[in-house]
Structure formats: C-alpha cells, structure tokens
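Visitor: Could you pick one part of this model and take me through it slowly? I'd like the contacts spelled out, and then a look at what else is around.

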Amino acid sequence: MKFFLSRLFAVALMSLLAHFALAQALVVSGTVTDEKEPLVGASVVQKGTTKGTVTDVDGKFTIEVPPGSTLQFSFIGYVSQEIAINSSSTLSVVLVADEEILSEVVVIGYGSVKKSDLTGSVASVKAEDFVNTAISSIDQGLQGKVAGLVVSMASGQPGAASSVRIRGTTSINGDNEPLYVIDGVFIVPETNVGAVTGPSLNPLANINPSDIESIEVLKDASATAIYGTRGANGVILVTTKRGKKGVPQISINYTRSSQELRRKIPMLNAAQLAELGNEAADNSGAPRRQIYASPTNLGVGTDWQDQIFRVAPMNNLQVSARGGSENTTYAVSTNYFTQEGIIRNSDFTKGNIRINLDQKLGKKFAMGTSFSINRSSLRGVVTDAEGAIPSSVTSWALAFNPGLGVYDSNGDYVFQNNTSQPSVGNPVADINKTEQLSNSTRLLGNFFVTWELLKDLKFKSSIGTDAVFVTQKSFVPNDIKRGEGSNGQAAIANQQALNWLFENTLNYNRTIRKHSINAVIGHSLQAYDNEFLFTATSDFDDNRLGYNAIQVGAKKTLVLNETSGWQIQSFLGRLNYVFNEKYLLTVSARVDGSSKFGVSHRYGTFPSVAVAWRAKEESFMKQSDLISDLKLRLGYGVVGNQGIPPYSSLGLLETTEAYFGENDIAKGSGPKSRQNNDLKWETTSQLDAGIDLGLFADRITITTDVYYKKTTDLLLDAPIPYTSGFPSAYFNVGSLENKGFEFALNTVNIDKAVKWNSSLNFAVNRNKVLNLNSKEGIFADPLLGVNGWSVINEGTPIGTLYGYKTNGIIQTGEDLSAIPRFVNYVPTYGDRKYVDKDNNGTLTEDDKFVLGNANPDFSFGMNHTIDYRNFTLSVFIQGVYGNEVVNFNRFSLESFDGNQNNSTAALERWTPENPGNEYPRANVLPRVNTISDHQVEDGSYVRLKDITLSYDFVRLLSFMKVKPTSLKLFVSAKNIITLTDYTGYDPEVSRFINHPRNFGADYGSYPTTKIFSIGLDILL
Amino acid sequence: MRKLSILLVFSLITVACDFLEETPESVINSATFYKTEADAIAATNAIYDYLTVGTEGIFDRGFGGIFFNDYWVFKDVMSDNAMETTASQEYRTLSDFAFTAENERIELYWQDIYQTVNAANVVIDRVPLIDMNPSRRDHLVSEARFIRAMMYFEAVRFFGDAPLILRETVELSDAFVGRTSASQLYDAIIEDLEWSRDHLSNTFRVGMGRATPMACSALLSKVYLEMGEYQLSADNAAVVINSNKHALFPDFAQLFKLDNANSGEIIFAVNYSGTQSQGFKPNQYHVRLLPPNLHKNDEGPENAYGWEVPTTDLYDSFDPQDRRRDVTFITSFTYSDGSTVTFSPHFGKFWDQEKEPLGNNTDMDVIYLRTADIMLVYAEALNELNDGPTPVAYEMINKVRKRARFNGITELDILPDLSGLSYEQFRDAVLQERRWELVMEGSRYHDLVRMGKLVERVSAAKPTATPQSFHVLLPIPQRERNLNSNLTQNIPY
C-alpha cells in the first residue's frame, strides 16, 4: 500500500513538472523592505530551483518565473517569506525581523546559547547602544547599562582608565577588575609603567566602540566558572562585528564634540583672600602679611581655574565595510579619534584598524581571524598626584593666590605661590612646560580553524595574542617650580608585554526528540611575558631637548629593568541540557593551573551547576495571555581570583648595597620574601536565583536576580610579626561577602506611529568583611597627612569611612574648659567642636565614628528611545544613591589661614560679629588636621548622562538614483544635568578606586566634563 | 575514520607538564642561591644594607636600619641630653617619656632589629653548607654573628626579655614565638661574639665596617658590664686597651673627621656613604641635627632641620673650655663674606665642614665602638669590682679627661685628673665623663638606666618630661602583640 502511494505521488509530480515546462513565463517585479526601509541584497529565488536574483539598492527586483511557482524572499536576520505566483504582478514584500536570530543568541564563553536556554545571570549590551555616543572606550559605554555593573572613573583626563566592578568588591589585595575577553582573547590590562604622574592609559580605549557587535556581562558564578581562576570579578565578553554575505555595507560615522568643565569651584577673589589672611593673622596674634597689605587695591585678581581650563573639541571618525561572498566574508574598519582635554595642553589621540575575516574551506573546515592594531597617545598634565603635599595642577590652580598674575612685570612666569605655601608652583607655567606622554601600541588578534568532525561535533583550535608596547616619557624643566628641587628631571619607561593564548575546544550540539544537548570540552594554555625598562635623570642645564635626550641630565637618578611572566594551563568543560524545552541544566567546570601559586596548590577546580525551569512551557501557563514568558533560574558555582603579582609564592632575594669605606660598594642579595608553597587562589562561591518574566507578548520583560557571594582564602598581603624578618606576606586568610539584588525592566510603551521603548535597571549590593584573621585593620594610605580615614575592619564594608563628628562652633562665652580637645591643641572661640564619644575630655582615636560608606546603597540606569517618523530621541539617565565621598579638597579649600586660596565657604567663617555654627574662624596657626563629618559628603547623584536626537534624511533623498540606506544627523549632549549635593568637581570621580583600602576619596583629580556633540552617520 | 579524526584532534591538544614552573629572570630565587663563595659574600653583604638604610634607601617606610637615625636619636632623646623639635608625636613622646606601645618609632626599631637578624641568620644557617675556603667561610659567619649580637644587645637593653630567633625564618610559625629571658639573650650574644672573635680572618674582609676580633672584645666588655659581670667586662676591656691597636686620637676633634674614618681610636663603625650611594643611602646626621635655615647662596648646610637639639642642662654641664663642648655643638656659622649668624646650640660634631660644606648627603659613619668608650667601661667595671676605683680605673678616666683638655694646640688648665674618690663618687664621675664624651653616640639612655639615674636625671633636665621607673624598658610594640599572642607586655605598658 505504501509502495503504491509513493509511486502515484511520483507520477503526479512528473506530470506537474511537464505542465510547468510548457507554460509561459510570468514577469514579477517589486520591492523588498523591512518595516522601515528597503532591503538591499535580499535574495529572491524560485523555490526548488537555483534560479533567482537579489534586490538592488532600492530594494527592487525583477524576475521571470513559470506560473504556479513559488518565490522565496530571504534576507539574513529576517524571517523568510514564500509567495505563490499565478500571474505577472508587482509585489511589495515586507520581511519581518527574526527576533530569534537578531537578539536571542547569547555568547557565554566557549560557545553561545539561545537566550531562552540561559541558566545563569548574563546581561547583553548590543551594538546599537554604542552608536552615536561620544565615548572613547567601551567601559564608558557600559555605565548604567547593566544592573550590578558600576563604572568609576579615577580621573577625567582623556584616555584615562576607569574601574569596573561587577557585584561589588571581592578582593582586598588581589585584582577587582572583571576579566575582559575580546573575540576569545583574554586581555591583560597592565599598561602603567610609572614614568608619568597621573592616571594610567585605559587599555580598553584600544577597542573601537563601533566595532562591537555585542557585549555580554557574565555576572554569576554559574556563568563565570568556565573562566576558573579569573571568574571571581565577573567576565565581560566582547564580540566584534563579522562579515555578512552580500553586497558591501559601508558605514561612515563622524562626530564632532565640544567639552567643557561641568562646574567651577567658587573661590575667593584677591581682595577676599587678603581680608581672610589679615583676619587669620589678627586672630592668632601674628603679623599681617605684606602681600595682603591693602585688600581693596587687589581687586578681583586672577581666576586660576579660567587660566587652566578651556572648552575643548573632540573628533571621532569611523569607517567600516562589511560584506562577502558565499565562502568568504569580511569586516574591516578604521577609527581615528582625537580629544583635547579641558585642561590646556592635555590631549588624547587614538587610531585603530581592524580586519575580521572568515573563510569556508570545503564543507567541513572553516577558518577565520580577528585582528586589530591600535595606537593611542596621551599627552597629560600632572593631575591625580596628591600625597602629603599637593602637586596636581588642579590643586595648584585652586590654591594659588588670585592676587598674583600669570606673568610678572618682566613677562616671565610667576614662579611660585607667594602665600605661605612655596611648594605650590604656577599652574599655567606647569601645564605649559611640564611634558608627559604615554604612547601605546597594541596588537590584538586571533586565528582559528574549525572542523566539523561529525554533524554535531565541531572542533575549534584558536591561537590568540595581545601584544602591548608602551612608552612613557616625562620631562620637568629646571625653570619651573616642579623642577626646582631636582634642577630639571626626566624619565622614560618602556614596556613590552606579550600575552598569548592557545585553545582547543570540542563542541557537541544535538537535539534528539525532547533532549537537547550543547556541550563543550577544551584545553587552554596562556602565557604572559612582561619586560620593562625605566630610566630617569635629573639636573638639567639645558631644557631644550627635554625627554628626547635625557642624557643631558647630569645625574643618573634611576635605572631599573624587570622581566616577569606567568602561565596558566586549563582544562574546561560545560554541558547544557534542555529537556522538553522546559527543564534546563548547566554543569560546568574548569581546572586551572597557575604558575603564580605555591607548588602545593598549582591546580584548582572551579565547578558550577545551574538549573532553570521555563514555566511558560507548562500546559497550565501556555494559555495565559498576560504572561508571555516565565523562567526561574538557580545557580551555584565556585570561581577564583589569581590577581596577584607573579613569583609571590617564591622566596625571593633583593639586590642590596652597602659600603665598606669610601671605595668599596658591596652589592649583595638579601631575603625579600618568604617562600610560601601553600599560596593559592582566592575562592568565591556564589549562589544566584533569578526570574525572567515576559508580559503582554513580551512588551514588558523583567529580569531580576538575587545573589550571595562569599569570598574565602582572601589573598592578603597581610602583616606578619616582624620577628619573621618581613613586614608582610601574601596569605590566604580572611573572607568577605557581597550580597545583592538586581532588577532590569524593558518595556514597549507605545508601538504605533510613535514608538517608545524604555529600559530600567536597578541594583543593590551590600559588602561586608567577615574575617581578616587579625585585630589589625587595613588602613588607607595617608592623604594630606590624614591617617585612618578609611579602614578595612572585620564586620564592616570595604570603604567604611572613619572620623570625628563635628559639633558646631565654639561660641563666645562658652566654657572652654568643658570643650573636648585634642592633645597639644587648646581650643578657643570660633574653633570647631567635636563629639567626645567616651566623654573623657580628650579627643583620641577612640572618639572616631563611622562617618559613611563609599559603596552606594543602590545604582540605577534608565533609557528611553522614542521613534517618530524619521526622528529618534534617546534619553539616558544614570545615578547612584547613598554613597559617601571624602572630599579631601576641602582640607585645603577651607584652611581659613590665608596660606592659600580658599573656596567661598570662607566668606561664612565664624567671627564674633557673625557667629555662624558651620565654619570656624580664620587662624594662621596649624589646626588639627583631622577628618570629620565636615569633609565626608553625600556622593549620590542623578545624571542626564546622554540625550541624543537623530534624524534620518534618507527619505528626503528619494530623488537620488543611488542613495544610502540611511543618512542620520544627530545631536547629543552628555552630563548636561547632574543633580547632586556633592561640592567637588564631580561626584563620579573616585581617585583610588583601584585600591579597595583607599576607596571613596576625591582629591586633585582631573574633572569630568559636559559634552555637546553633532554627528553624521551614513550607511551605504 | 571518525574515530581516527577524533584521536587526531586530541593529539593536537598539547598538555604541557612543566609549563607552570616559575623561573624569575630579574630577581633571584633563593631556592637556587647559596651555592658558591660569591653567593656567600653576597648574602653577607646584604646584612649591612638592613643594618644601615635598607634596600629602599631613602624611600624606605621607616628609613630602615636602626643606625640611619634611631640608634643615635633614641638614646639621647630618651635622656637628659636632647630634646625633640619636630611636630612628630612619635619622637616627641619619646623625648617626654609619654610613649605607648603604639609608638611607631619603637615598632620600626623592633622591625629593623629582626629584619637584620633574619639576614644574619640566613648567612649563619646557609653559608656553612657552601663548599668553599673554610677560613673564609668561617669569617663570613663571624661577620654575621657579630651583627646578630649587636642586634640582640639592642633588643635586650630596650625590651628585656625578647624573642630569640637563631634560625632563618622558613616556616611562618618560626616567627610566632614568645619572649626568651634576658639572661638567655645575653648567653646567645656572648656565644656569638666569642665565636666571631675566634673565627674572624685577619686577611679576608678586614675591618672597614666589618667585625674584627678587637671589636668582639670591645663589645663583650660592654655586654658584660650591662650584665653586671664586672670581671669579664674588665678582662675584655683590658684586651682592647692593652693591645694598643686603637689608641686614642690626641685631639677629640679628629674622631669626626672623614679622613679618620675606620681608623685610629675607632674600633667599629657602621659605614655609610652618601657619595657612593649618590645620595640614596647616607645617614641622617646632618639632616636631623644641623641648624635649619642657614643655607644661602650655596653656603651652609642644605636640607637641615635641627630636629634634635641639646638640652640646656647638657650644654651648661660642660666646662666652657672643654674641647668636647666646642666639637659637639655648633652655635654660629660664618659665611665667606665674613658675616656670622649665631643661634642656640645644635649638635654639630658629626659635620666635617671642610669636607662637606653643604652637609646633607654625608659620608660620615656611625661610630659604634671606640676606645674612649671602652676605657670608661674598663674604669666603671674596675670600680664596681673593687668597691672603689683602682689605679688602672683612674688611669683610664684621666686619659679621657686629658684628651679633652687639648684644644688642638695646647693642653688647657681644666678638667684636672681625678683622684681620691669614693666608689660612689667615681661611679658618678664615670657617668659624667661618658655624658660629655659620647653625646649622640647611642649611650646615654643605657648609662642612666644601668646606673639607676634615669628618672632623677631626666626630671632635672626636662621639666615637661614624665619619666618613671618602668621606663627602663620600652613596651613591646602593640602591632607585634596583636599579631602574635605569645608575646607578653612589659608591665605596666
């Protein structure tokens, strides 16, 4: 029976074909568009044949087909359509974007999965989010976009590195930055060599933001366990755009921006400073200073902030082309970016060329490469350099006497401040004469081959490299204040770092009825070699050659070189199993061996397991119109952190030098560190539970996660008894926790002629140190001579700020003997009062309170996109709430001693006639230099981070024969509105974000800016 | 075929077995060191760096090495000799006897002692295992044992009972030890010094800041004096004096001339060189002691702060014509144009003005043992031994006084020879003579403690100071007690 039917079918088919062959051909023409615009290069094929054509630049096509045939319309990224043809006609085909293909695949490291199959906490940021924004590096583009990811800038200097934290601080001495993996290559972000003063070059600036296809942020341990000892701080996977089959798609983007200082700090003018100085002298019974003799004659004087700051332009040109044939695809791009700094004489330039190629080799093999060459150059001024005495030009500009001009009567630069602060030089002379240059060349690339061993089994071998060549040069001439002590000084440092990676993986991907398996196993070798050479000279008689001939300096100050490296060998595996599209299981493990650790602990195993339940697929939910998607996730994993210097487990010797008489330099080798065979990685275990919810046909989607992260075996450079011969050693002691909650909401608010989409993310993280194994807390580095402003203690968060509580001002007539006092300081009327916690009359360390926490209570970001006809408006708002910042600038800005210029707070100083209760009296004598709640400020802010309006002109160009796919003009503004109570330059800058013990300080930084941009975006 | 291709793939995966070995190239791994004579010398040389400044040079956190400044600052600031003028509470509280166990300078003193001890222990443990010339090997170990003895002599005098660590720190538990009794520390010191004395070479690495048999005997005489072993103290002092290898300089001023470094009366000095270190590793004599604000037009000391200044009590105690007053203090400075500025007395004895007119980066060594000191030790020991001065005791103290009478040209009619003194009077005379002779040379605090005069003398000289009987020992640094629960505290700190 069966045989008979198939015979019958075959006969019928043949007769049909015969009939077609005789029929007359029909001419079909038309256009293929998506919901917005024509699709160029869409394929139009007669079904069952190879006969076909592609649409032209207007999306038009013409084809001849026999009657009764079926035309297939297809385009990558869109759902194919079939139309039966019975007569000649003109068609208007609208293809619908295939959401499954466009947005639903998520890269998870060593593979990718459908978003619906995800079991871990992974956030994706797509290419669109980086377009049209004036950013120089991807980390800036991530701020506020992902719940639980906080970007902090250490400096506003163009090209400066920022710091990224995913789900809090997990390490005290180890690294806290996430692992960056760019097209499978692990990036080693170490490029500061130390020859210049100020922020280090941002390694991520080497990636052109417009090259990015997507960024995946792996947050929980079940997602990052596949990265083993480098997974503890989260992983950021960057995937660059690859070529697509079809005609070349060319994109040109040019943005021109203008940057300016967000706010000036209101400072005293010359007359006001003189009055303050005189009052301070009078109050202390000291003689008045000559320079302040006649305040009124001094007038307003020089505004030193205006002298160093400027409105500065920024340009970004980006050109890319993508295309390819059946077997070869390519994506090439170039980028040139220039940014002048808002402080004169500082700028940042970078250029980038990228080539991504893919080639099929027969049916089973393919190969490809991603390669980019990047050059960046940062010309800086001295900022972010404060230690015991201020040396940043920003601090100098604030401190300098407004009664002095930039030049003296001979037309030479005024040399130094003439108040009682001779260490402060003329900031204008300093920015014009001090030279600092950091150049970085980075080659980043990989080459891979894939081999389909079986239908479902694919082998991939990839070799990648990240090579960085850095040169830093600095020169301080002998005729400015900064060069006075050394009589001119120069330094040059060179660094060559080579990181290579060799990985082999086997991927197995198969669905058998209700069972779907996606598995990977692999092996990875990575090595890092670093060489640097640092030379410095001083005592220059001639400034002309500067850092280009440092041998002019008569004294050899320092010659230092170092070679170091580390290696990692790993075995990895992961299994994703889906049953019936409902029940999901992911099991993964990585065995990492790292040379950095002691011989007893070279290898560690980092496992994870996660389960998820797609409740929406259950029969009882299928009918729901309200709920369009519901998935519950639960994951647990163990990851590590190996972010300590190489050779930390070895007993190292250091080169010593002693002298026997005056003719015998005795070099030696003395014990520097103790061998520690037990040194191993930090271990972070994390539990994550999440819900993915879609409502109203996914017009509202919600992803929310709660997590608990515990880090044990903290790699502490912990103090040890001096009787060992060493002050400290790396140990695996101590533990800390981070726990939190994340919420992300995406909504389609209006979906008509006007389209309005919104997204909101919100995150809460709570950090606590559980155990340090020692009664000694870990103290912040002293800043301005202030000790212990932040201490890492058991039971409190990293970033806890300590100090005294002020208690108003001592008013005339108060009983002075009842006022608590510091040792060696007798308070009087108009001085600040502090709370005496233990009521013993003396203010000591025991009277310090917890004054704040540098970690925010929560952080959030909100984005709105509104499309109407050819207009697109996007608004991005971002903020943090509840963190405190120690505004160290206030120590100098409110010195009230006439020794340097002060902020206008000095106008509210206490006087017997005007007895305020917030600011103390003027006084030239040194006051107790201690931190109090007066310098600890609320760092919360809400910021209109970006607002962009774009207009697509392409429809106005319909008269043109060859017209672009899109031609957008856009204007945007960044940081134009900031709501904050913070009184410093900017609440977003945190100076020492890289050092957890110094977290939450602002002093002498390069301020961040407001940016206005206009740009053109052409897609051909 | 499929199986074959899978096998092929796995063969591509090259599991590297020794891939993770660490082989540092620009630092030396101690596991590969201590094999040759050169290694033994390098390890021994290292001890001197920790003794003086530390490898970080002037960038060291505590200006490492006790001789950099604390050795000679502590012992006169914690006495009736010197006062502190810096704002630093750490030094001020030492001067006022108001310090606590949290005092950072005391903590750093402790650190420097044990860091140097560990470097010495490395040599003492490892060098004997090296295949090399045996007498040279013994000499290097002797150098190390001499310095270890110096360090424990500091520890026992300042802290009393203290951890006695005689082996290199291998396991961390080695460092978590309790305090050993002072008498055991003294035993260890004596054993080290006697061993050194008997094994030092007289042809290899002789002197110039390295131990000599004579230095061992001199230090033994001081150690035995502190112990109250007066006969042994006198015997060892006699060895030094009778050898006549380190005769007194005729003029007190010669002691502090750079040309006389490591010679004559100087038995042992911790060597420094501002010149050879290009300014990175000089000691702080000039920076701390010379008067500030004198530097003008390339004349007068640069970078001088006058942080420690003499008490009036000290200055006034000298006979105005005593050569030692003239050399010890500077009270005026004359510029080349003939103009002169005068100022309150500062310690100027370590400044060789002709050789180093600008002060600052000095080549001056820190004298640790010299003959006048040992003569006074000899005199004190004999007085104690015989319940009164013997002729030799008089001879010793009077030789020191005679030298002080010589003003460089002639002997003045001051400081007459002593005679006819009781035990008590002679003891006081020795204390007085040591005060005049050894200002800022690391002696005064220990002398006052040994003779039971600390509270009495400091109270008389410094009205603001509050010395008490328990100040004969320093507190064990609180940091160490926080980290190591085996450490007890000196009562009542």
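Guide: Here is a helix pair in close-up, followed by a run of strands and the meeting of the two chains. It's a predicted model, where local features need pLDDT of at least 70 and side-chain atom pairs pLDDT 80 or more, while totals for chains, interfaces and linings use all residues. Residues count from 1 along each chain as written, chains are lettered from A and ligands numbered from 1 in written order, and side-chain values use heavy atoms, without hydrogens or water.

Start in chain B, with helix α5 (residues 104-126) and helix α6 (residues 134-159): they pack at an angle of about 155°, axes 9 Å apart (axes are fitted to C-alpha atoms over the stretch in contact, angles run from 0 to 180 degrees between N-to-C directions; helices are DSSP H or I runs of at least four residues, strands E runs of at least two). That angle is why α5(B) counts as roughly antiparallel to α6(B) (over 145 degrees; under 35 is roughly parallel, 65 to 115 roughly perpendicular, the rest oblique). The crossing of α5(B) past α6(B) is left-handed, with the near helix turned anticlockwise from the far one by less than a right angle.

Now zoom in on who touches whom. From α5(B), the residues meeting α6(B) include B:I106, B:Y109, B:W110, B:I113, B:V117 and B:I124. Across from them, α6(B) brings residues including B:L140, B:R145, B:R148, B:M151, B:Y152 and B:F159; contact means heavy atoms within 4.5 Å. Sorted by class, this contact has 18 nonpolar, two polar and four charged residues (Ala, Val, Leu, Ile, Met, Phe, Trp, Tyr, Cys and Pro are nonpolar; Asp, Glu, Lys and Arg charged; the others, Gly among them, polar).

Over in chain A, strands β20 (residues 347-361) and β21 (residues 365-380) pair antiparallel over 15 bridges (pairing takes at least two DSSP bridges). A:N352 sits opposite A:N374 in β21(A). Three residues lie between the strands of this hairpin, and A:G362 takes a positive phi near 70° there. β21(A) is also joined, antiparallel, to strand β22 (residues 435-452) of chain A by 16 bridges, and A:I373 has A:L443 in β22(A) as its bridge partner.

Finally, the chains themselves: 70 residues of chain A are in contact with 71 of chain B. About 5,900 Å² is buried between chain A and chain B, 59% of it from carbon and sulfur atoms (accessible area lost on being put together, 1.4 Å probe, summed over both). On the chain A side, A:F660, A:Y722 and A:T723 lose the most area to chain B, together 15% of what that side buries.

Conventions:
Buried area is the accessible area (1.4 Å probe) that two parts lose on being put together, summed over both.
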